[in-house]
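Visitor: I would like a quick tour of this model. Please keep the answers short.

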Number of protein chains: 2
Amino acid sequence: MAIVPMAKREKRITIYDLAKSLNIAPSSVSKALNNSHAISSKIKKMVEDKAKELNYVHNTNAANLRRGFTRIIGVIVPKINESFFANIIAGIEKVCVQHQHSLIICQTEESLEKEVNAVQTLIRQNVDCILISLSLETQSTAHLEEIKNNHIHFIQFDRISPAIDSYTVVNDNEAASYQAVAHLAKQGYQNIAYFGGPAHLNLYQERKQGYKNALKDFGLTFYEDFVKDEIISTASGKQEALHLLQTNVKPDAFLCTSDYVSLGVLEALQQLNLSSPKDVGIIGFANEMFTQLVQPSLSSVNQFSYEMGEQIAELYFSEVMKQKEHEEIKTIKVKTEIVQRASSSR
Amino acid sequence: MAIVPMAKREKRITIYDLAKSLNIAPSSVSKALNNSHAISSKIKKMVEDKAKELNYVHNTNAANLRRGFTRIIGVIVPKINESFFANIIAGIEKVCVQHQHSLIICQTEESLEKEVNAVQTLIRQNVDCILISLSLETQSTAHLEEIKNNHIHFIQFDRISPAIDSYTVVNDNEAASYQAVAHLAKQGYQNIAYFGGPAHLNLYQERKQGYKNALKDFGLTFYEDFVKDEIISTASGKQEALHLLQTNVKPDAFLCTSDYVSLGVLEALQQLNLSSPKDVGIIGFANEMFTQLVQPSLSSVNQFSYEMGEQIAELYFSEVMKQKEHEEIKTIKVKTEIVQRASSSR
DNA sequence: AGGCTATAGGAAATCGATTTCTAAAATATT
DNA sequence: AATATTTTAGAAATCGATTTCCTATAGCCT
């Protein structure tokens with residue numbers, strides 16, 4: 001799409017205008033507005049009054065150029081309107097406002113190409129830091145290296161690539177998954193299936209590992225056929241559940257790495273006239289709003305997404321921004337919590 | 001909170017570096033990179049190759065300062081993580097990317113103070129346009145006037161103030177509300193209550209008006225007591241429904257201006273051992289995901305939020321940006337649709 | 001009083017692009 | 001072949017702040 005040129009806006013009052021009308025130097029105006037100790041309070045007052053009078057507005061662009069940083073943070077997520085990410089963004093925003101920073105948001109719609117473009121845009125915008133959760137497609141990391149090459153801080157969260165060294169904020173996915181299976185086991189389920197996402201993502205590897213570990217620890221059989229790696233939608237969850245529930249050795253419980261998948265499993269049960277929790281246990285991930293509203297209500301792993309957003313931003317302000325030399329690069333694990341509801345309680 | 005100073009980033013390659021290493025003028029480099037017709041394709045190629053070789057990155061900040069506009073659009077919403085707004089933002093983002101624009105997002109958390117600050121920040125950031133949906137608290141519009149004073153375009157959407165002249169994008173709330181009541185009436189409900197939001201917001205005035213008009217047109221009685229203006233949460237919906245359903249003249253249906261309120265009404269019914277749709281009809285607004293998942297499923301007015309986002313952005317690019325002189329200021333009405341589900345079907 | 005330090009304010013360079021104006025070179029015209 | 005025209009490239013100003021360096025004055029000390 002062509003970029004339409006824009007007309008220049010009408011001129012605003014600048015520090016030069018203030019300087020002239022007060023008969024002082026522009027540099028003094030700048031210092032006064034920045035509350036520099038090298039300016040008397042008399043002049044500060046003069047400048048502030050005049051600034052108000054003439055409706056002066058600070059031009060962040062000019063300041064950014066001169067200073068070399070922007071107090072803008074770029075966020076890249078797969079989908080802005082998935083509640084998990086929307087909550088994270090909301091949490092990030094809250095903390096950023098406290099620190100007088102602004103937020104540029106990009107969504108990749110799970111496309112690597114859009115992710116690469118988003119990174120490019122943010123680098124060009126001179127953001128101070130990029131917070132990113134990778135798209136499902138992303139397997140290469142050249143664009144992430146670019147962030148480093150341009151000396152921009154960055155933090156990966158949730159869907160991260162271990163191939164690149166960076167601060168990260170994630171749930172303890174392995175533990176969460178382990179606990180979910182443990183919970184199912186304690187409720188007496190024996191044949192537990194795992195419906196996960198693409199195995200090239202760390203996130204899903206860990207959840208699968210937690211699942212496997214728990215099976216072993218609780219003496220449950222591991223069926224290769226019960227493990228599926230590309231189930232990330234309601235539709236695919238339903239389809240795969242329908243399939244598995246009509247084989248000889250059937251699962252009696254499902255660990256789904258998304259509540260939407262849980263929903264699909266539930267639909268499958270209804271279609272097969274099975275009931276949850278009696279015949280089949282279900283537990284999902286994310287603790288979406290709807291999990292407590294469906295019949296039966298769906299158990300889920302609460303990932304504390306809003307808090308995760310806050311922690312991501314706080315990590316930036318408390319550590320990353322300060323560029324501590326030789327500081328070791330941190331991984332923050334955000335707590336999770338099994339929310340036990342009807343679908344896994346028998 | 002104190003603003004911590006930041007270290008300046010390491011220097012990047014600039015057009016001056018490219019110019020020097022090619023033995024041409026910086027201005028020529030700029031023109032080459034901007035594909036100006038005043039530069040030969042030979043030099044363009046040279047410059048592009050060298051730019052790639054040296055990993056040149058365009059500094060948007062410098063360009064913005066010089067050009068006087070930024071290709072950045074500011075969005076202000078009450079809550080980023082309410083699905084209605086999250087969808088709108090996602091729609092806006094999609095269209096903005098097509099037009100090579102970036103998005104700065106601010107949330108007000110329904111606070112006027114935060115809204116005013118957000119506007120200030122965006123003006124200082126030199127955004128080309130501000131897209132805003134007002135907080136519940138907002139009754140004054142001085143900050144919106146500021147946007148105009150600084151010659152920044154702006155578009156109000158959903159929650160707008162008619163007190164200030166601007167482009168607007170809204171649902172046809174009156175019609176939507178009218179149709180919802182009409183639908184309830186056709187299903188045989190006679191005593192329809194209205195649960196709306198603060199009456200100082202246009203949005204809710206219109207929905208109330210549509211409700212009243214429909215009552216009249218369908219020959220239904222208007223009960224002053226059935227009209228409530230401060231019901232915007234599940235809790236308040238439940239509470240008020242409990243109250244009304246235990247009076248002498250009870251409503252047999254509820255028009256709620258939010259699905260969350262519908263949910264509260266549903267809870268009230270369960271508590272009172274009433275059932276929907278048999279005893280009481282319910283219809284809400286926004287067509288939230290969960291409305292199709294609860295039992296009984298909840299009827300709702302689909303507001304096409306994602307499409308609304310797209311239309312807002314498209315309005316900007318097709319009309320507002322071009323600053324057509326004496327163009328009349330437009331209001332776009334986004335279609336709505338009654339989604340009939342169990343809660344209103346008897 | 002003389003000299004020294006601290007302080008306040010100003011001059012000028014700077015950030016990195018864009019853009020206007022000018023001039024040289026290439027091409028076209030008669 | 002001489003002149004007119006068009007192209008192409010460069011010089012320099014500009015956007016609006018910040019920041020460094022410098023100077024003049026006020027305040028301090030013995």
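Visitor: Which element gives the most to the surface near DNA strand C?
Guide: This is a predicted model, where local features need pLDDT of at least 70, side-chain atom pairs count only at pLDDT 80 or more, and totals for chains, interfaces and linings use all residues. Side-chain values use heavy atoms, without hydrogens and water; residues are numbered from 1 along each chain as its sequence is written, chains are lettered from A and ligands numbered from 1 in the order in which they are written. A residue is near a strand if one of its heavy atoms lies within 4 Å of it, and helices (H or I, at least four residues) are DSSP runs numbered from the N terminus. With 4 residues, the top contributor near DNA strand C is H4(B).

Visitor: Which base atom of DNA strand C does the side chain of B:Arg66 approach, and at what distance?
Guide: B:Arg66 is among the closest of the 28 residues that surround DNA strand C. A polar contact is a pair of N or O atoms within 3.5 Å. An N or O atom in the B:Arg66 side chain faces a base oxygen at 2.5 Å.

Visitor: What part of DNA strand C does the backbone of B:Ile15 meet?
Guide: B:Ile15 is also listed among the closest residues to DNA strand C. One of its backbone N or O atoms lies 2.6 Å from a phosphate oxygen.

Visitor: Turning to DNA strand D, which atom there pairs with the side chain of B:Lys31?
Guide: DNA strand D has 29 residues around it. Sugar and phosphate make up 58% of its atoms that come within 4 Å of the protein. For B:Lys31, a side-chain N or O atom is 2.7 Å from a base oxygen.

Visitor: Which helix gives the most residues to the surface near DNA strand D?
Guide: Helices H1 (15-22), H2 (26-33) and H4 (60-67) of chain A each give two or more residues, as do H2 (26-33) and H4 (60-67) of chain B. The leader, with 4 residues, is H4(A).

Visitor: What axis relates chain B to chain A?
Guide: Superposed by least squares on C-alpha atoms of residues with pLDDT of at least 70 in both, chain B fits chain A with an RMSD of 0.1 Å. The turn is 180 degrees and the shift along the axis is 0.0 Å. Therefore the relation is that of a two-fold axis.

Visitor: How much area do domain 2 and domain 3 of chain A bury between them?
Guide: Domain bounds come from an automatic or database domain assignment. Buried area is the accessible area (1.4 Å probe) that two parts lose on being put together, summed over both. Carbon and sulfur atoms carry 54% of it, and the total is about 1,000 Å².

Note on methods. Polar contact = N/O pair within 3.5 Å; in protein donor to acceptor, adjacent residues only side chain to side chain.
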